[in-house]
Amino acid sequence: MMGKRNVDRRLALVTGATAGIGEAVARRFAAEDWDLVLTGRRSERLIALSQELAERFPQVSVLALTFDVCDEEATFAALEGLSEDWQSVDVLVNNAGLSQSLEPVHRQDPADWDRMIDTNIKGLLRVSRVVAPWMRRRGRGHIINLGSIAGKEVYANGAVYCATKHAVEAITRSMRMELNPDRIKVGLIAPGLVETEFSIVRFKGDRERAAAVYHGLEPLVADDIADAVWYMASRPAHVHVADMLILPTAQASMGQITRRP
Ligand code: NDP
Ligand code: 8X3
């Protein structure tokens, strides 16, 4: 239920808060005493997280919104349905995203292209399309987009995922220019390998194949990226940390990963 909130408190909206990086960001911001709008498709997870945070941090107001960022009508309806006190978003973390399969273009299922493009690019655009005008009205705000090292480099069998993350980087840089006159910061966080549900989703439930991605190295964990999001969000008003590439120490680039037995 949409309770009334105190608009003097800070508010973050985090997409994809049911797992991985988004969930860690939600936990971090709650611990820093921010109110939260949390989104994702799996409502039971969203509700459980919201209830847990509300119990641990009784002064924090948390609102769970279940919608699929691929569904334009549902995305706009859920966000536009927020009352004005829940529209005063200080930080939007555009995190919802995924990869689907690891195949060359000449073999990959076009449905996988659609899912990645619709979630990672158009989902981020849809949410930003609604939230950026709220920030413009207030003359302040901060959008933090989850890019990837795959938005700075490419790898074979990842053409479409890499293309979506290159697009996230391009959109971030363009929106930074568009929103600069409104004093709105638009930043990019580009992680390398982070062990979350990401690879399980990419390999469509094949946990063994997913685990092999991180074999022989110490990957980043979701809290490492939540730390970076918090750092970016908590700089003074005149400081804009615009772009962060964060890698596990074992990873020098997409192609160079030092694994130990
Ligand atoms: P997870 O799979 O652990 O979490 C992904 C989150 O995105 C879930 O909460 C999921 O929620 C949400 N999501 C996916 N599709 C949709 C959708 N259509 N509508 C709404 N929410 C959706 O992955 P990560 O935490 O690792 O990924 C988070 C972001 O970080 C992604 O953008 C990813 O590309 C990026 N990233 C990840 C890296 C990694 O190595 N893990 C490295 C670099 C970037 P639900 O399923 O409930 O809808
Ligand atoms: C996720 C990192 O290396 O799996 O963005 O593409 S990788």
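**Ala19 meets ligand 1 through its backbone.** A backbone N or O atom of Ala19 lies 3.4 Å from an oxygen atom of ligand 1. This is a predicted model: local features need pLDDT of at least 70, side-chain atom pairs count only at pLDDT 80 or more, and totals for chains, interfaces and linings use all residues. Residues are numbered from 1 along each chain as written, chains are lettered from A and ligands numbered from 1 in written order, and side-chain values use heavy atoms, without hydrogens or water. Ala19 belongs to the loop between E1 and H1. (Helices, of at least four residues, and strands, of at least two, are DSSP runs numbered from the N terminus.) The relative accessible area of Ala19 is 13%, so this residue counts as buried. (Buried is under 20%, exposed over 50%, partly exposed in between, with a 1.4 Å probe and protein chains only.) Ile117 is 98 residues from Ala19 along the chain. The C-alpha atoms of Ala19 and Ile117 are separated by 20 Å.

**Arg41 and Val194 also place polar atoms by ligand 1.** The Arg41 atom is a polar side-chain atom. Its distance to an oxygen atom of ligand 1 is 2.6 Å. Val194 uses its backbone instead: an N or O atom there lies 2.9 Å from an oxygen atom of ligand 1. Taken alone, ligand 1 exposes 880 Å², and the protein buries 97% of that area. (Areas are Shrake-Rupley values with a 1.4 Å probe.) Helix H1 (20–31), helix H6 (159–179) and helix H7 (198–202) are the elements that give two or more residues to the shell around ligand 1.

**Thirty residues make up the surroundings of ligand 1.** Thr18, Arg41, Asp68, Tyr161 and Thr196 come nearest among the 30. (A residue is near a molecule if one of its heavy atoms lies within 4 Å of it.) By side-chain class, the shell around ligand 1 holds 14 nonpolar, 11 polar and five charged residues. (Ala, Val, Leu, Ile, Met, Phe, Trp, Tyr, Cys and Pro are nonpolar, Asp, Glu, Lys and Arg charged, the others polar, Gly among them.)

**Thr18 contacts Arg42 from the loop between strand E1 and H1.** Strand E1 spans residues 11–14. Thr18 is one of the residues that come nearest to ligand 1. The side chains of Thr18 and Arg42 form a polar contact of 3.4 Å. (A polar contact is a pair of N or O atoms within 3.5 Å; within protein, one must be able to donate a hydrogen and the other to accept it, and sequence neighbours count only through two side-chain atoms.) Thr18 has a relative accessible area of 8%, so Thr18 is buried.

**Ser148, Tyr155 and Tyr161 each reach an oxygen atom of ligand 2.** Ser148 brings a side-chain N or O atom to 2.6 Å from an oxygen atom of ligand 2. For the side chain of Tyr155, the distance to an oxygen atom of ligand 2 is 2.6 Å. For the side chain of Tyr161, the value is also 2.6 Å. Ligand 2 taken alone exposes 240 Å², of which the protein buries 88%.

**Eight residues close around ligand 2.** They are Ser148, Ala150, Tyr155, Tyr161, Leu193, Phe198, Arg202 and Met254. Six are nonpolar, one is polar and one is charged. Tyr161 is also among the residues that come nearest to ligand 1.

**Asn157 takes a positive phi in a loop.** Phi of Asn157 is near 75 degrees, and the residue is not a glycine. The loop runs between strand E5 (141–146) and H6. Asn157 is partly exposed, at a relative accessible area of 32%.

**Arg183 shows a positive phi as well.** Here phi is near 60 degrees, again in a residue other than glycine. Arg183 sits in the loop between H6 and strand E6 (184–191). The relative accessible area of Arg183 is 61%, so this residue is exposed.

**Asp90 pairs with Arg10.** The two side chains make a polar contact of 3.1 Å. Asp90 lies in the loop between helix H4 (84–87) and strand E4 (91–94). Asp90 counts as buried because its relative accessibility is 6%.

**Met116 lies within helix H5.** Helix H5 covers residues 110–138. Met116 is buried, with a relative accessible area of 1%. Cys70 is 46 residues from Met116 in sequence. In space, the C-alpha atoms of Met116 and Cys70 are 9.6 Å apart.
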